[in-house]
Amino acid sequence: MTAKSNQNKVREYAELLLQVNNDLAVTETLDHALESLLNISSSIIGAERGTIFLNDPNTEELYSRVAQGDFMREIRFMNSKGIAGWTYTNKKGAIVHNPYKDDRFNKNVDIRTGFRTKNILCTPLKTAIGETIGVSQLLNKKEGHFTEKDLDLLEAITSQATIAIKGHLAVEQLEDSRNKE
């Protein structure tokens, strides 16, 4: 790879992250921010669909706030279950090429949604201070398999997006406190 092509790749990468930051900065709600993150990441990486799971610290569950596809009900499971739970608990990304042969895979979600998972790319949503607040999961790469490059890209996108997501979470928690009073 030449120095010029390397510079172009770095510039494209920086522009992508700036675009992610800008797109999420103008979102007005948490759901809108999560939907934007999901659409950007699945489009750029080339996944059939994805889900953003947030951690509920009261119940120690991951729950889907936004998901792509036909199944729109909330999905909840213990934050240590499945590939998403493993990613959340271990605070690191995962690439799974054959989930049905992976002991960590939670088949119940496929059964409930009617979707067939062929491969998974998953990364934790980490705040700037290192707190893990959830997981971003992409399913079924449209062409080929998920790669380490895809994982690096998803990690970079989610780290940019988590800034806006954390802000929206704080606003929602404040509104919930006010409503309870």
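How many bridges join strand S1 to S6, and in which direction do the two strands run? The legends below take up this pairing and then other parts of the model, which is predicted.

**Figure 1. Strand S1 (residues 47–56) beside strand S6.** The two strands are joined by 7 bridges and run antiparallel. In this pairing, Arg49 stands opposite Leu139 in S6. Of the 10 residues of S1, 9 are buried, so this strand is largely enclosed by the rest of the structure. S6 is mostly covered, with 10 of its 10 residues buried. In a regular strand, the side chains alternate between the two faces of the sheet.

**Figure 2. The hairpin of S5 and S6.** S6 also pairs with S5: 7 bridges join S5 to S6, and these strands run antiparallel. Cys122 stands opposite Gln137 in S6. Between the two strands of the hairpin there are 5 residues. Gly130, in the turn, has a positive phi of about 90°.

**Figure 3. A salt bridge between Lys166 and Glu131.** The closest N and O atoms of Lys166 and Glu131 are 3.2 Å apart, and the two residues form a salt bridge. Lys166 lies in helix H5 (residues 148–180), while Glu131 lies in the loop between strand S5 (120–126) and strand S6 (132–141), so the pair ties together parts that are 35 residues apart in sequence. Is each partner buried, partly exposed or exposed? Lys166 counts as partly exposed, at 33% relative accessibility. Glu131 is partly exposed as well, with a relative accessible area of 36%. Side chains of opposite charge can pair when their charged atoms come close.

**Figure 4. A salt bridge between Arg76 and Glu61.** The side chains of Arg76 and Glu61 meet in a salt bridge, at 2.8 Å from N to O. Arg76 is in strand S3 (residues 76–78) and Glu61 is in strand S2 (residues 61–67); the pair links distant parts of the chain, 15 residues apart. Arg76 counts as partly exposed because its relative accessibility is 29%, whereas Glu61 is buried because its relative accessible area is 18%. Asp56, Glu61 and Arg76 are joined into one network by salt bridges that share partners.

**Figure 5. A salt bridge between Arg104 and Asp102.** Here the side chains of Arg104 and Asp102 meet in a salt bridge, at 2.8 Å from N to O. At 26% relative accessibility, Arg104 counts as partly exposed. Asp102, with a relative accessible area of 15%, is buried. The count for the model comes to 5 salt bridges.

**Figure 6. The surroundings of Asn79.** Asn79 lies in the loop between S3 and helix H3 (82–90). Why does Asn79 count as buried? Its relative accessible area is 13%, and a residue is buried when this value is under 20%. Leaving aside neighbours within four places in sequence, Asn79 is in contact with Asn55, Glu60, Glu61, Leu62, Gly85, Tyr88 and Thr89. Glu61 was met in Figure 4 as a partner of Arg76 in a salt bridge.

**Figure 7. Helix H3 and the residue just after it.** Which residues of H3 are buried? They are Gly82, Ile83, Ala84, Gly85, Thr87 and Tyr88. Two of these, Gly85 and Tyr88, are in contact with Asn79. An α-helix has 3.6 residues a turn, so residues three or four places apart point the same way. Just after H3, Lys91 takes a positive phi of about 55°.

**Figure 8. The largest pocket.** About 390 Å³ of space lies in the largest pocket. The lining is made up of 19 residues, and Asn55, Pro57, Tyr63, Leu169 and Gln173 lie nearest the centre. The elements that give two or more residues to the lining are S1, S2, S6 and H5. Which element gives the most? H5 does, with 6 residues. Asn55 is also in contact with Asn79, the loop residue of Figure 6.

**Figure 9. Confidence along the protein chain.** The average pLDDT of the protein chain is 85, and 91% of the residues score at least 70. Where is confidence lowest, and where is it highest? Confidence is lowest in helix H1 (residues 3–25), with a mean of 72. Strand S4 (residues 94–96) has the highest, at 97.

Technical notes
Residues numbered from 1 in each chain as written. Predicted model: local features only at pLDDT ≥ 70, side-chain atom pairs only at ≥ 80, totals over all residues. Heavy atoms only, no water. Helix = DSSP H or I, 4+ residues; strand = E, 2+ residues; numbered from the N terminus. Buried < 20%, exposed > 50% of the residue type's maximum accessible area, 1.4 Å probe, protein only. Contact = heavy atoms within 4.5 Å. pLDDT = per-residue confidence, 0-100. Pairing = 2+ DSSP bridges. 1 Å grid on protein atoms, 1.4 Å probe; cavity = no way out; pocket = protein on both sides within 12 Å on 5 of 7 lines; lining within 4 Å. Points joined across faces, edges and corners; volume = space filled by probe spheres on them.
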